[in-house]
Amino acid sequence: MKSVSGIFSQAVKEGRKNLLETEAKAVCRDYGIPVTKSELATNEQEAARLAEKIGFPVVLKILSPDIIHKSDVGGVMINLKDEKEVRNAYQQIMKNVKNHNAKAKILGILVQEMAPSSTEVIVGAIKDPQFGPALMFGLGGVFVEVLKDVTFRIAPVAADEAREMIGEVKAYPLLKGYRGSPPADIDAIVKIILATSKLVMEHQEVKELDLNPIMVYEKGAKTVDARIILE
Ligand code: ADP
Ligand code: MG
């Protein structure tokens, strides 16, 4: 597997600023950030075989350097429970994507491990021209999109600051467990924030990074989508 610098220079060489999901996740994995595993299929038959190998249910996702927001073009189908659903989803995604953008270069369709749904959080980084890389944390979905309930710190952050970030969003009580729902693994989120901090400090060519969403469990967490944009 390619090193982080190798992944970045390959993208630059090809004139791409947006890393593919597979590349962004390889970078994350290198820094110890847990990500869903996936393999690339280039035909329906292969998708079915890979789904069998990974284990049902699976998720299918378009892999294209020209498509940044995959679900906006009907490029993501989740919770596929058997071979027939996988084959149908493969054809459907190809059709959806071609309808939206006939010119998109399609590398294939990722067959991905399905992360059980849980509380979703977001860890992000953005490079400020004045202060350098800053880290962001929030809960997923409406908390970020509608309520803008997020918090920022200039990188690098230490463990106590990462913990502070998590504690200061308004939605924090949801992570502590409520109405019988179990508490989320805060330490797992702290680890991801620290790893992200290290990543953006060591690679100042990262302009934006977005782990969205990360499923957080009672024990552990898993990043299901990762985006990295280079300068
Ligand atoms: P995009 O943000 O490019 O539209 P995502 O990869 O984030 O695409 O997929 C859209 C949504 O589908 C995610 O926000 C998540 O809710 C769900 N999803 C994607 N991949 C998985 C997965 N491996 N396991 C579980 N849910 C997933
Ligand atoms: Mg996403």
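**Reading pockets, a cavity and a surface patch**

Me: I'd like to start with the lining of the second largest pocket. How many of its residues are nonpolar, polar and charged?

Reply: Sorting a lining by residue class is a good way in. Here, the second largest pocket is lined by 8 nonpolar, 3 polar and 3 charged residues. Keep in mind that this is a predicted model.

Me: What volume does this pocket have, and which residues lie closest to its centre?

Reply: Its volume is about 250 Å³. There are 14 lining residues, and Ala-125, Met-136, Glu-208, Leu-209 and Asp-210 are the closest to the centre. Next, look at the elements behind the lining: strand E5 (119-128), E8 and E10 each give two or more residues to the second largest pocket.

Me: Now the largest pocket, please. How much space lies in it?

Reply: About 510 Å³. Of its 24 lining residues, Lys-61, Val-76, Pro-213, Val-224 and Asp-225 sit closest to the centre. Try finding those in the structure, then follow the chain outwards from each.

Me: Which strands supply at least two residues of that lining, and which element gives the most?

Reply: The strands are E2, E3 (76-80), E4 (108-113) and E8 (206-216). E8 gives the most, with 3 residues. You met E8 a moment ago, in the lining of the second largest pocket.

Me: How does the lining of the largest pocket divide by class?

Reply: You'll find 9 nonpolar, 7 polar and 8 charged residues there.

Me: What about cavities: is a cavity open or closed to a probe?

Reply: Closed: the probe fits inside a cavity but cannot get out, whereas a pocket is open. In this model, the count is 1 cavity of 30 Å³ or more. The largest cavity has a volume of about 150 Å³.

Me: Which residues lie nearest the centre of the largest cavity?

Reply: Leu-19, Leu-20, Glu-21, Ser-64 and Ile-67 do, out of 13 lining residues. By class, the lining holds 8 nonpolar, 2 polar and 3 charged residues. Strands E2 (58-63) and E10 (226-230) each supply at least two of the lining residues. E2 also helps line the largest pocket, while E10 turns up again in the second largest pocket.

Me: And on the outside, which residues make a nonpolar surface patch?

Reply: Val-142, Val-146 and Leu-147 make one of about 300 Å². To find it, start from helix H5 (residues 142-145), where Val-142 lies.

Technical notes:
Residues are numbered from 1 along each chain as its sequence is written. Chains are lettered from A and ligands numbered from 1 in the order in which they are written. This is a predicted model: local features need pLDDT of at least 70, side-chain atom pairs count only at pLDDT 80 or more; totals for chains, interfaces and linings use all residues. Side-chain values use heavy atoms; hydrogens and water are left out. On a 1 Å grid over the protein atoms alone, a cavity is a set of points where a 1.4 Å probe fits but cannot get out, and a pocket is an open set with protein on both sides within 12 Å along at least five of seven lines; lining residues have an atom within 4 Å of a point. Grid points are joined across faces, edges and corners, and a volume is the space filled by probe spheres set on the points. Helices (H or I, at least four residues) and strands (E, at least two) are DSSP runs, numbered from the N terminus. Ala, Val, Leu, Ile, Met, Phe, Trp, Tyr, Cys and Pro count as nonpolar, Asp, Glu, Lys and Arg as charged, and the others, Gly among them, as polar. Patches are made of residues with over 30% relative accessible area and no salt bridge: like charges are joined within 9 Å, nonpolar side chains (Val, Leu, Ile, Met, Phe, Trp, Tyr) within 5 Å. Accessible areas come from the Shrake-Rupley method with a 1.4 Å probe; for residues, only the protein chains shown count as cover. A salt bridge is a side-chain nitrogen of Lys or Arg within 4 Å of a carboxyl oxygen of Asp or Glu.
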